[in-house]
Amino acid sequence: MSDFQNLAQAVIGANQQGVKEITRSMIDGGVDPVRIINEGLIPGMNVVGVRFKAGDMFVPEVMMSAKAMSVGIEMVKPLIAEGDMPSQGTVVMGTVKGDLHDIGKNLVIMMLESAGFKVIDLGVDVPADTFVKAVKEHRAQIVGLSALLTTTMLAMKATLETLRQEGVTDRVKVIVGGAPVSQEFADQIGADGYAPDAAAAAELCRALVS
Ligand code: B1M
């Protein structure tokens with residue numbers, strides 16, 4: 001098995017020590033940190049998702065795999081964020097009200113930071129008012145809303161409506177993403193952009209501020 005496959009297996013098996021050792025050896029071997037994420041950590045988590053859906057894995061196991069994945073992410077994060085990139089602007093990012101998923105959001109943040117954006121992370125289960133307040137306080141150019149549940153896609157729509165009512169959408173662009181979200185849904189609720197993954201989110205933000 002390749003190092004990437006071993007890393008994915010360590011995530012699936014919630015083997016934090018394994019993730020740590022393999023990631024360290026890949027970093028020391030000069031492997032591109034983005035590949036470590038895209039070809040090792042994420043594929044491992046994707047398998048966890050499939051097994052969770054099939055009822056072959058349960059919530060505590062999924063959380064432990066998520067924790068193992070985070071160990072790897074935390075190790076490669078400083079390497080990706082490194083470099084003297086000029087700030088492209090400020091992005092306020094959060095997972096919408098009712099939704100506790102943050103692994104994808106954190107990856108998006110990491111990619112944005114590596115692309116030179118300053119990111120204000122509001123965390124998970126974020127009420128619409130908190131987004132409004134943060135945009136004003138930090139003079140953000142972009143707001144990013146993440147949702148992983150079909151039910152919380154409604155909260156995404158409600159958050160966008162609140163941002164609109166408060167006049168915030170006149171000066172910021174709102175982008176949306178997360179597994180159940182699509183370009184069609186983004187168009188329906190009037191978002192300025194949709195990105196299917198973290199790398200695409202960074203591209204989208206670059207395009208929106210240019
Ligand atoms: Co949850 N969960 N979960 N879960 N969970 C899903 C999402 C689910 C699809 C699993 C399934 O049934 N197959 C399902 C949703 C079904 C649906 O609504 N259609 C589900 C469910 C049902 C639930 C609970 C309701 C389970 C329960 O309690 N009965 C519960 C809800 C809790 C809540 O939020 N209120 C729940 C809980 C959990 C855990 C806490 C156990 C854990 C979350 C841990 C954490 O995030 N800290 C968890 C996990 C880990 C998952 C799965 C297995 C993996 C999600 C993940 O991290 N993927 C997930 C199944 C799956 O998606 N395969 C599942 C890896 C991550 C890198 O991908 O988040 O998609 P993703 O992010 C991507 C893109 O979507 C995109 O970029 C990212 C990187 O490329 N992206 C953006 C994300 N946000 C973006 C924002 C952008 C742009 C792009 O711009 C702003």
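H101 lies in the loop between β1 (89–95) and α5; helices (H or I, at least four residues) and strands (E, at least two) are DSSP runs, numbered from the N terminus. The cobalt atom of the ligand has H101 (NE2) as its single donor from the protein, 2.2 Å away. Donors are N, O and S atoms within 2.8 Å of the metal (3.2 Å for Na, K and Ca), and water is not among the atoms, so sites may look incomplete.

The model is predicted: local features need pLDDT of at least 70, side-chain atom pairs count only at pLDDT 80 or more, and totals for chains, interfaces and linings use all residues. Residues are numbered from 1 along each chain as its sequence is written, and side-chain values use heavy atoms, with hydrogens and water left out.

Pockets were sought on a 1 Å grid over the protein atoms alone; a pocket is an open set of points where a 1.4 Å probe fits, with protein on both sides within 12 Å along at least five of seven lines, and lining residues have an atom within 4 Å of a point. Grid points are joined across faces, edges and corners, and a volume is the space filled by probe spheres set on the points.

| Pocket | Volume | Largest share of lining |
|---|---|---|
| Largest | about 1,200 Å³ | α3, nine residues |
| Second largest | about 230 Å³ | α4, six residues |

The largest pocket has 41 lining residues, and H101, I103, G104, L148 and A179 are the closest to its centre. Two or more lining residues come from each of α3 (33–53), α4 (59–81), α5 (103–114), β3 (142–146), β4 (173–177) and α9 (198–209). By class, this lining of the largest pocket has 29 nonpolar, nine polar and three charged residues. Here Ala, Val, Leu, Ile, Met, Phe, Trp, Tyr, Cys and Pro count as nonpolar, Asp, Glu, Lys and Arg as charged, and the others, Gly among them, as polar.

Residues lining the second largest pocket include A66, M69, E74, K77, D102, I103 and D121. Both α4 and α5 supply at least two residues of this lining, which divides into six nonpolar, two polar and four charged.

Domain 1 (3–84) and domain 2 (89–209) each give at least three residues to the lining of the largest pocket, and each also gives at least three to that of the second largest. The domain bounds come from an automatic or database domain assignment.

In helix α1 (residues 3–12), the buried residues (under 20% relative accessible area, 1.4 Å probe, protein chains only) include F4, L7, A8 and V11. A14, which follows α1, has a positive phi, near 55°.

Notes: Buried < 20%, exposed > 50% of the residue type's maximum accessible area, 1.4 Å probe, protein only.
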